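Visitor: Could you take me through a few features of secondary structure and show me how each one is read?

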Amino acid sequence: MRGKINFEIRNKRICFRLMIERNITVLRGNSATGKTTMMEMIRDYDNLGESSGITLKCQKNCRILEGRDWQERLKTIHDSIVFIDEGNVFLKSAAFASGIQRTDNYYVIATRNHLQQLPYSIDTIYEIRKNQKYPRFQKLYQNLSLKHILNSDFDLFITEDQKSGFQFFQRVADDRIACISAQGKSNLSRMIRKYPGKKILVIADAAALGAEIETLVQYQKLHPDELFFFLPESFEWLILQSGLIKSNDIPEILKNPAEYIACEKYFSWERFFTELLISHTKEISYMCYDKSELPEFYQKPEHAEKILRAMEID
Amino acid sequence: MLRVYFGDHPKEIYNTSVYFNNSYQDQWLSDLFARELIRKIDCSEVVDSNVIRNSVLGSFPPTKLSGGVKTLLLLYFEPKSKIFNISTCGDNCAKYILKIAEEKDITVTLHHAMYFGKHFQLKVINEKRRKVISDPEEFLFLASEYLRGDSNARED
């Protein structure tokens, strides 16, 4: 499955509308906002169809996944939006994380659990707000990332990446700013704690940071003058977005990635952007992208500046 | 005192909603504190022990209360030996969890970093720790330490 999917479910009393943009969407937020009510409506429609009294508008089938036989049921579901309510203990399992990979479904999961085994984006975590006639889905984390980091006065860069991204930001940091790698997103919060009192910029891929962002944001609330984020979709996305790679199709793809990224092939968007960058540079020796060793081309000051400014481009 | 265990606990009641549906008692809804929880969190009024009402859903039974309120009612009414999963509660339930724990020792499991605000006291009991924690930063980092790692991913 690919593309953005509009979903609407309603009965005589309530209506939920959501645009589903990627393979994994997570619903969190306060209690009593309507998450379970929506899940119950989907379950009723899944069981009884229109005779449930519920109206569902969606170009894909909408299914509920729950219970002990979830693995058997999942095998029968294709090209659908799969909804999973909290209370399903399998959500945390390694079997679930591997079971939904390479499937052609999108998943909407209502849970506050720390799902570190799933690479979901910070942009697909929603809460429901109730301040209008009908509940409204709102992204839980918006405008977290700085767009301009040139000429800033940070003491320390902490990168999630330990390869090309780290090499790039280490060069950018020069001798003015210390730069260390957390060697993975799950180590970011542990690393931050080692440097109290320092002004830190955390550099990480938004595409797969969903499980970690809650802790990072809570830490930022405690230290608003010390912790800042630079969260491009991924480092490779940043290079593509910078315009350094001349191509007719890249701008089109970046304008609406969902239309190009098949979820059965790419569990996380960062993998797609890495492949895209590699495929567009493989014939040009000096810019041939290698995740383990960043070519000098990308580190030249004028090119590095273009890459750093890519977050400013809408 | 609130005793928090991060991650899976062998005795936890994980799906508190189903447990509530099968174990709540009519008289619970006559209790003033229970009615306050339902009013403040679910924006609903108890009409009688089997009927609750709000402007969106109309009249509905206790089984249709929110997952957060169901968990709070279980913490309040059930014996303290029961261990309930409070990740079914949003941050808007946190102050009520602390309030219940002022009157009664409760042990809970937590599968995310709930925000308890800046002023709280609780014990994190993973690895037989028994230290009282009142520092949000210490709580946050214990949460992130205990909630990560392969040991926290279920095998089934």
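Guide: What follows goes through a helix pair, a sheet and a crossover unit in turn, and the model is a predicted one.

Visitor: How should the packing of two helices be described, and at what angle do helix H3 and helix H4 of chain B pack?

Guide: Two packed helices are described by the angle between their axes and by the distance between those axes. Here helix H3 (residues 67-77) and helix H4 (residues 94-103) of chain B pack at an angle of about 5°, with their axes 10 Å apart. Because angles under 35 degrees count as roughly parallel, H3(B) is roughly parallel to H4(B).

Visitor: Which residues of H3(B) and H4(B) make the contact?

Guide: H3(B) contributes B:Leu72, B:Leu75 and B:Tyr76, while H4(B) contributes B:Tyr96, B:Ile97 and B:Ile100; by class, this contact has six nonpolar residues, no polar and no charged ones.

Visitor: Turning to strands, what is the order of the open sheet in chain B?

Guide: In a regular strand the side chains alternate between the two faces of the sheet. The open sheet of three strands in chain B has the order S3-S4-S5, with antiparallel pairing, and its edge strands, S3 (45-48) and S5 (58-60), each pair on one side only. The twist averages 35° from one strand to the next. Strand S4 (residues 51-54) of chain B pairs with S5(B) over three bridges, and B:Ile52 stands opposite B:Phe60 in S5(B).

Visitor: In which sense do strands S5 and S6 of chain A pair?

Guide: Strand S5 (residues 61-64) and strand S6 (residues 80-84) of chain A pair in the parallel sense over four bridges, with A:Cys62 opposite A:Ile81 in S6(A). Together with helix H2 (residues 70-75) of chain A, S5(A) and S6(A) make a right-handed β-α-β unit.

Methods: Residues are numbered from 1 along each chain as its sequence is written. Chains are lettered from A and ligands numbered from 1 in the order in which they are written. This is a predicted model: local features need pLDDT of at least 70, side-chain atom pairs count only at pLDDT 80 or more; totals for chains, interfaces and linings use all residues. Two strands pair if DSSP finds at least two bridges between them. Axes are lines fitted to C-alpha atoms, for helices over the stretch in contact, and angles run from 0 to 180 degrees between N-to-C directions. Angles under 35 degrees count as roughly parallel, over 145 as roughly antiparallel, 65 to 115 as roughly perpendicular and the rest as oblique. Two residues are in contact if their C-beta atoms, placed from the backbone, lie within 7 Å. Ala, Val, Leu, Ile, Met, Phe, Trp, Tyr, Cys and Pro count as nonpolar, Asp, Glu, Lys and Arg as charged, and the others, Gly among them, as polar. A crossover is right-handed if, with the strands pointing away from the viewer, the path from the first strand over the helix to the second runs clockwise.
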